[in-house]
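Biologist: I should like to go through this model with you, element by element. Please give your reasoning with each reply.

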Amino acid sequence: MHRRVYLAAVGTAASAGLAGCSSALSVIESDPCSGGDCHIGMNRTEFLPATYEVSVGDTVVWKNTSEADHTVTAYGELIPDDAAYFASGGFEDQDSAYNAWHGERGGRLGSRETYEHTFDVPGTYEYFCIPHERGNMTGEIVVTE
């Protein structure tokens, strides 16, 4: 009789554990923007996809699809020479974005918030998330003619 109680308890615990795992796994998606409301998602430690290709004049929408705060911040030296600098929060350059984040979390994208930028100059644009830069949360936009 005790064996049945034990097996029932183990089965219930396993089912509850697996239910938790399936909901946790649904958060870690390879394409969190498949619904069409964004082009690039952000999980806890990466941009998804890490590389995204668009044509000149296209607008890219990033969406924080995690529970962590993130930024979208261009590396000023790693964008085309004639390109406009971009960063969530609307900063003019990388130093201003850093200072704002470290001062009052300027440029912060909370969970489910979006940021968009239109790319008018062809080339490769490297960007990162300020609070997760040490964890190598970086991305790349490739803009073609």
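Biologist: In what order do the four strands of the open sheet lie?

Modeller: This is a predicted model, and its protein chain holds two helices and eight strands. Four of the strands make up an open sheet, and their pairing is mixed. The order is S3-S8-S7-S5.

Biologist: Which strands stand at the edges of that sheet?

Modeller: An edge strand has a single partner strand, so one side of it is left without a neighbour in the sheet. The strands in that position are S3 (51-55) and S5 (73-74).

Biologist: Which residue of S8 is the bridge partner of Thr 51?

Modeller: S3 and strand S8, residues 138-144, run parallel and are joined by five bridges. One of the pairings involves Thr 51, whose bridge partner in S8 is Glu 140.

Biologist: Why do the buried residues of helix H2 line one face?

Modeller: In H2, which spans residues 94-104, the buried residues are Gln 94, Ala 97 and Trp 101. An α-helix has 3.6 residues a turn, so residues three or four places apart point the same way. Seen down the axis of H2, the buried residues therefore line one face, since they fall within an arc of 60 degrees.

Biologist: Which residues are exposed on the other side of H2, and which strands are included in what covers its buried residues?

Modeller: The exposed residues on the other side of H2 are Asp 95, Asn 99, Gly 103 and Glu 104. The cover over the buried residues includes two strands that also belong to the open sheet. These strands are S5 and S7 (123-128).

Biologist: What lies at the start of H2, and what is the phi of the residue that follows the helix?

Modeller: At the start, a side-chain oxygen of Asp 93 comes to within 3.2 Å of the backbone nitrogen of Asp 95. After the helix comes Arg 105, with a positive phi, near 60 degrees.

Biologist: Is the disulfide left-handed or right-handed?

Modeller: The whole structure has one disulfide. It joins Cys 33 and Cys 38, with sulfur atoms 1.9 Å apart, and both cysteines are buried. The torsion about the S-S bond is about -95 degrees, so the disulfide is left-handed.

Biologist: What is the relative accessibility of Cys 129, and is that residue buried or exposed?

Modeller: A residue counts as buried under 20% relative accessible area. Cys 129 has a relative accessibility of 0%, so Cys 129 is buried.

Notes: Residues are numbered from 1 along each chain as its sequence is written. This is a predicted model: local features need pLDDT of at least 70, side-chain atom pairs count only at pLDDT 80 or more; totals for chains, interfaces and linings use all residues. Side-chain values use heavy atoms; hydrogens and water are left out. A disulfide is a pair of cysteine sulfur atoms within 2.5 Å. Buried means under 20% relative accessible area, exposed over 50%, partly exposed in between (1.4 Å probe, protein chains only). Two strands pair if DSSP finds at least two bridges between them. The arc is that of the directions from the helix axis to the C-beta atoms. Contact means heavy atoms within 4.5 Å. A polar contact is a pair of N or O atoms within 3.5 Å; within protein, one must be able to donate a hydrogen and the other to accept it, and residues adjacent in sequence count only if both atoms are side-chain atoms.
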